[in-house]
Amino acid sequence: MSNLLVNTRDQQFVLFELLGIEKLFESERYRDYTKDDVLMVLNEAEKMAINVILPTLAEGDREGCHFKDGKVNVPKCYHDAYKKYVEGGWLCPMQSPDVGGQGMPSSVSIATSELLGAANFAVLMYPALTVGAAHLIEVFGTEAQKNKYMYRMYSGEWAGTMCLTEPGAGSDVGALKTTAKRLPDGTFSITGTKCFISAGDHDLTENIVHPVLARIEGDPPGTKGISIFIVPKYRVNGDGTLGEINDVHTGGIEHKMGIKGSTTAVLNFGDDGKCIGELLGNEREGMKIMFQMMNEARLNTGMQGLQTASAAFEHAVQYARERIQGNAIWEMGNPEAKPVTIVNHPDIRRKLIWMKAHIEGIRAMNYFAALCEDREKTAATDEEKAHWEGYLDLLTHVCKAYSSDKGVQICSMAMDVYGGYGYCSEYPIEQYMRDVKIATIYEGTNGIQALQLVGRQLNRRKGMNVMNLFGDIQKNIAKLKDNEGLSKYIPMLEDAANACLDLTMYFAEVGKMGEFLIPIVNASPFLEILGDVTIGHFLLQSADIASEKLAPLCADKGADTPEKLTQLAKENAEAAFYSGKVASAKFFAVNVLSGVKARCEAIKMGDKSPLEIAEEAFAF
Ligand SMILES: Cc1cc2nc3c(=O)[nH]c(=O)nc-3n(C[C@H](O)[C@H](O)[C@H](O)COP(=O)(O)OP(=O)(O)OC[C@H]3O[C@@H](n4cnc5c(N)ncnc54)[C@H](O)[C@@H]3O)c2cc1C
């Protein structure tokens, strides 16, 4: 029975049958893990999601965060959930046991995070930011900084944030105005205002440690002149006790469309000239350092799209199987016909399979990205390490933007399945719709992700990262060609992959000819196409595996026609699951992949109308 959050059978399929993560357990780093351990961890995550996190979803949304007398209170129910989450060891399972983690592979952690985040990702933003900030200190901090801050963050005693955005510096981080002035003891006096800071202030922990981007006086403008500082809300005494407030004051909180339990704060640093920051890493390397946290957060943000879409889909399926409305199309004209559940209507089925196919493909892509991280950590050579690192760099933008954009579309479609009821707060869909939208905006808008993909990633390592992706897709296509049942669909993947590769080359060529505006103006559609091809490839690979597993089940029961297979699926859960995987892939190939070539050709026409249209023409 569905837990109404995530299809756990599909999670296991992706981890073990598609990606074969057990191979990781042969490495020294993950040798203590077994498949049974992973199943046990997933089971515990599901329990935590349902029993602890889910009860905060609607309540946290209703209560929201409150700002009074300069302090922020989070929804009351968040306190208990946060405590249990930390006590249950969910804060930093991926970190090394040396710093309080469990050394869990990223590919396992991402599956647990899907379950937990599907229950309410807003409450998990507090611990997620804490871990990201602590990890910055772990990698770039001094021993003294680790002892002072990191351990107490990884234990959940203190929290963390990421402070980049300012009123005049959003997408353009380099425009920031926050300054750092050298003090004689080697620390810095920080002055400036940061806005939109998630978890910027709250009452879950007694201290909050802010990694803050600022420019040291005299350093050059732009991103090159940015450094990063550790700025605690309360100063920390030599003996580890908390000292006075560090002149970090909350100016207010935002009133938002969704994720209402997650604080979004304006923070004023150094209004009284008494805000002390410690340099993290080297001067003027702030952006490079912060990128570690941003990239982790981007993968997390893509997952928020998947998590919410998954919960919305599971609810929509349940609703469609219960809601009775209208007669079946094959009963048209029959006055005696009885109304049926809406899952019988072709348009509803089309919506459901569209959502299902995208969710399964996005799940596979995100889990694969996490596996790239594990592979990088277990690589035997520098070359292998660079291969997996490059793969992850490339996929980070696609995972972030594609998963969140499709997440919004999936939630919207789930609402359509509910009809008018979906628009009302009686059902959770309207909250999913409000919550999920932020994932397309923060951590760098999806427009900026697309620009970074086209502008930076395609050329990275002389184009090797993107060529590795296409190379793997081509290799898999060659293997899939043996599957007779998929013979109509594999050419659709092949044509789509070739067209996308061709478009990638075209971007490089026109770029060399000085026509760089064509790739720039088409960056977002390109990212969507690359996402479609990537997930299409995972879906067809999955269908290949599923059809192999399905064959003996069908042979055993004599299910040799589509009708008999449908009957078998009613009686046998595994047959239902595997036949569903095959159906997802076929649907995606016909309805999405078949159109990729035309979309690529359209981009290659070099249309620049968005740039040629007069600004004034928009203003009517
Ligand atoms: C709920 C919430 C939580 C947040 N949490 C954090 C946080 O914890 N820490 C933090 O530092 N920030 C945080 N942010 C800020 C968030 O990252 C920014 O809002 C985002 O990066 C966009 O910046 P902006 O809002 O200033 O929009 P702008 O930069 O003004 O962009 C407006 C539009 O113009 C586009 N655009 C801008 N420049 C370009 C360009 N060069 N080329 C093409 N298109 C462009 C953008 O894509 C966007 O569509 C949060 C924001 C929200 C709403």
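**Entry 1: a contact at the ligand**

I began at Thr445, where a polar side-chain atom sits 2.6 Å from an oxygen atom of the ligand. Before going on, I noted that I am looking at a predicted model. My next question was how much of the ligand the protein buries. I found that the ligand, taken alone, exposes 970 Å², and the protein buries 62% of that.

**Entry 2: two further contacts**

I then looked up Ser198, which has a polar side-chain atom 2.8 Å from a nitrogen atom of the ligand. At Leu164 I turned to the backbone: a polar backbone atom there is 2.9 Å from an oxygen atom of the ligand.

**Entry 3: who surrounds the ligand?**

How many residues surround the ligand? I wrote down 17, and the closest are Thr165, Ser171, Phe196, Ser198 and Thr445. So that I could picture the mix, I sorted this shell by class: 9 residues are nonpolar, 6 are polar and 2 are charged.

Which elements each supply at least two residues of the shell? I noted the strand β5 (188-198) and the helix α11 (446-457). Of the elements, β5 gives the most to the shell, with 3 residues.

**Entry 4: domains**

I wanted to place the ligand in the whole chain, and I found the protein divided into domain 1 (8-153), domain 2 (158-284) and domain 3 (445-609). Which domains each give at least three residues to the shell around the ligand? They are domain 2 and domain 3. I also looked up how far apart these two are, and the C-alpha centres of domain 2 and domain 3 lie 42 Å apart.

**Entry 5: the cavity**

Next I went looking for enclosed space. The structure holds 1 cavity of 30 Å³ or more, and about 70 Å³ of space lies in the largest cavity. I listed its lining as Leu57, Gly117, Ala118, Ala119, Asn120, Phe121, Ala122, Ile259, Thr308, Tyr432 and Asp435. Two elements give two or more residues to this lining, namely α5 (106-140) and α10 (429-436). The most comes from α5, with 6 residues. By class, I noted 7 nonpolar, 3 polar and 1 charged residues in the lining of the largest cavity.

**Entry 6: the second largest pocket**

My last stop was an open space. About 2,200 Å³ lies in the second largest pocket. I noted 48 residues in its lining, and the closest to the pocket's centre are Lys356, Ala576, Phe577, Ser579 and Gly580. Which elements give two or more residues to this lining? My list reads α1 (8-18), α7 (286-322), α8 (346-377), α15 (523-557), α16 (562-571) and α17 (573-591).

I sorted this lining too, and it has 22 nonpolar, 14 polar and 12 charged residues. On domains, I wrote that the lining of the second largest pocket draws at least three residues from each of domain 1 and domain 3. I put a star beside domain 3, which gives at least three residues to the ligand shell and at least three to the lining of this pocket.

Note on methods
Residues numbered from 1 in each chain as written. Predicted model: local features only at pLDDT ≥ 70, side-chain atom pairs only at ≥ 80, totals over all residues. Heavy atoms only, no water. Near = heavy atom within 4 Å. Polar contact = N/O pair within 3.5 Å; in protein donor to acceptor, adjacent residues only side chain to side chain. Areas by Shrake-Rupley, 256 points an atom, 1.4 Å probe, with all protein chains shown as cover. Helix = DSSP H or I, 4+ residues; strand = E, 2+ residues; numbered from the N terminus. Nonpolar A, V, L, I, M, F, W, Y, C, P; charged D, E, K, R; others polar. Domains from an automatic or database assignment. 1 Å grid on protein atoms, 1.4 Å probe; cavity = no way out; pocket = protein on both sides within 12 Å on 5 of 7 lines; lining within 4 Å. Points joined across faces, edges and corners; volume = space filled by probe spheres on them.
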